[in-house]
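Here are some friendly notes to read alongside the model. They go through the domain interface and then the two ligand sites.

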Amino acid sequence: MNVFLTNPNGSIPTTQLQLSGSKSETNRMLLLQALYPQIKIVNASNSDDSQVMLKALKNFQLTTLNAQLVDVHHAGTAMRFLTAFFAIKEGTEVVLTGSTRMKERPVKILVEALRQLGAEISYLEKEGYPPLRIKGTKLTKQKVNLAANISSQYISALLLIAPKLENGLELVLEGEITSMPYIKMTLALLNEIGVKTLVENNTIKVIQHQLPIIHHPITVESDWSSASYWYSFIALAPIGTQITLASFKKNSLQGDSVLVEIYKNFGVETIFNDKKITLHKVANLEPATLNLELNNCPDIAQTIAVTCFGLGIVCELSGLHTLKIKETDRLLALQTELTKLGAVVSCTDDSIRINKSQMIKENVVISTYNDHRMALSFAPLALKVPIVIENADVVSKSYPGFWEDVKRFGIGVL
Ligand SMILES: O=C(O)C1=C[C@@H](OP(=O)(O)O)[C@@H](O)[C@H](O)C1
Ligand SMILES: C=C(OP(=O)(O)O)C(=O)O
């Protein structure tokens, strides 16, 4: 399905949207719930990635077979978190696989770390990549060193199973730590269910845990990465445009909440009120060149790049080495699609620079490369020019209701 987006009457009604729960928080909580079934989750994400995670865990618990195939499609967190989960399920055997792209996304660092702890995992196709054969076993070793500069998901995966390990876990993180807020999110959620953790320099310790785990329901905050597209819409809209989004809080566990600060550069103010945020376009600002280091929030890089292009702001976004191993090579995809629209873009292995453009070409067909964030991040340009988004249903990986919400915002979606 392709969608054709237009801004038919040029004026935008004030809208209120309820966004679904964070997929990152949800996938952590689903794994913890599988380990501690008394946990209750409120406002879980409706994303495909969370559905995939839920289904994998449910089917695994229901089956009487001791060997099964689990397919996580495009869901990186599901792939990494379930690798660790199945590794400790004694007496079971699972083949864990995913989409063609998933088979190109590395898992070696995680597999090596689990093997150091005693896990039995083998590669079924290419060394270092899914699919994996995982024989569940008791992990008795306790200390492991691993590189922290490729994906924080490896570290989160190990932390999530840590309270169930006989002797707890000590992780020594080597090299520069990437996507740090996601590690902090994992630690915060462990703490919230009553698991003790200790962070000292580059070492994280999780104390082995039996019970009690707390019994109150855990409420997942709505997804800040999904909110980023509304920040972009508001940034590209005329002064005075507003939108209200629920349910968000000031002290978020999600690193992408840094949007509140970043979008001030584009004249967007955020007002927090009773678990809602109102985004308000208050000024047309044009910083000379916007330099941002996004190592802590890689998932909003595409949103910010497109906002800058739409506003004609020169930007240099760095700290993005992980973008090459996400749903697609996001740096290359951004460069290709922005160039089609008339931008002059240059990339390195970890950065992108978008130069000032004279105009935005109309009716360009944006390719999405099986990457939800390509479709989501280019949509706000509809406020500037008519635009076509190819394979628009990719958005369901994180934000299935996106196109409905875009219609509510007053954009024509055909
Ligand atoms: O732990 C998580 O929930 C995530 C961590 C990040 O990945 P990396 O640590 O691989 O950058 C992020 O990009 C991804 O969307 C979700
Ligand atoms: C990178 C992402 O997800 P994952 O790594 O979990 O597939 C994302 O949602 O942008």
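**Notes on the interface and the ligand sites**

1. Let me start at the boundary between the domains. In this predicted model, 14 residue pairs are in polar contact across the interface of domain 1 and domain 2, with both partners at pLDDT 80 or more. On the side of domain 1 that touches domain 2, the residues comprise five nonpolar, twelve polar and nine charged ones.

2. For orientation, here is how the chain is split. Domain 1 takes in residues 3–19 + 222–413, and domain 2 covers 23–219. Taken over C-alpha atoms, the centres of domain 1 and domain 2 are 30 Å apart.

3. Next, the extent of the interface. The contact involves 26 residues of domain 1 and 25 residues of domain 2. Between them, domain 1 and domain 2 bury about 2000 Å², and carbon and sulfur atoms account for 43% of that area. Within domain 1, the residues that lose the most area to domain 2 are Leu-253, Ile-325 and Lys-397, which together make up 33% of what that side buries.

4. How many salt bridges are counted between domain 1 and domain 2? The count is one. As for salt-bridge geometry, the side chains of Asp-49 and Lys-397 meet in a salt bridge at 2.7 Å, N to O. Lys-397 is worth a second look in your viewer: besides being among the residues of domain 1 that lose the most area to domain 2, Lys-397 is one of the residues that come nearest to ligand 2.

5. On to ligand 2, which has 14 residues around it. The nearest of these are Lys-23, Gly-76, Arg-105, Arg-373 and Lys-397. Several polar side chains reach oxygen atoms of this ligand. For Arg-373, a polar side-chain atom is 2.6 Å from an oxygen atom of ligand 2. The side chain of Arg-330 has an N or O atom 2.9 Å from an oxygen atom of ligand 2, and for the side chain of Asp-299 the corresponding distance is 3.4 Å. Ligand 2 exposes 290 Å² when taken alone, and the protein buries 98% of that.

6. Which residues are around ligand 1? They are Ser-24, Arg-28, Thr-77, Ser-151, Ser-152, Gln-153, Ser-179, Tyr-182, Pro-298, Asp-299, Thr-322 and Lys-326. Asp-299 therefore deserves a bookmark, as a residue listed around ligand 1 with a side-chain N or O atom 3.4 Å from an oxygen atom of ligand 2.

7. Last, the polar distances at ligand 1. A polar side-chain atom of Ser-152 is 2.5 Å from an oxygen atom of ligand 1, while the side chain of Ser-151 places an N or O atom 2.6 Å from an oxygen atom of ligand 1. For Gln-153, the distance from a polar side-chain atom to an oxygen atom of ligand 1 is 3.2 Å. Taken alone, ligand 1 exposes 380 Å², of which the protein buries 95%.

Note on methods. Residues numbered from 1 in each chain as written. Chains lettered and ligands numbered in written order. Predicted model: local features only at pLDDT ≥ 70, side-chain atom pairs only at ≥ 80, totals over all residues. Heavy atoms only, no water. Domains from an automatic or database assignment. Contact = heavy atoms within 4.5 Å. Buried area = accessible area lost by both parts, 1.4 Å probe. Salt bridge = Lys/Arg side-chain N within 4 Å of Asp/Glu carboxyl O. Polar contact = N/O pair within 3.5 Å; in protein donor to acceptor, adjacent residues only side chain to side chain. Nonpolar A, V, L, I, M, F, W, Y, C, P; charged D, E, K, R; others polar. Near = heavy atom within 4 Å. Areas by Shrake-Rupley, 256 points an atom, 1.4 Å probe, with all protein chains shown as cover.
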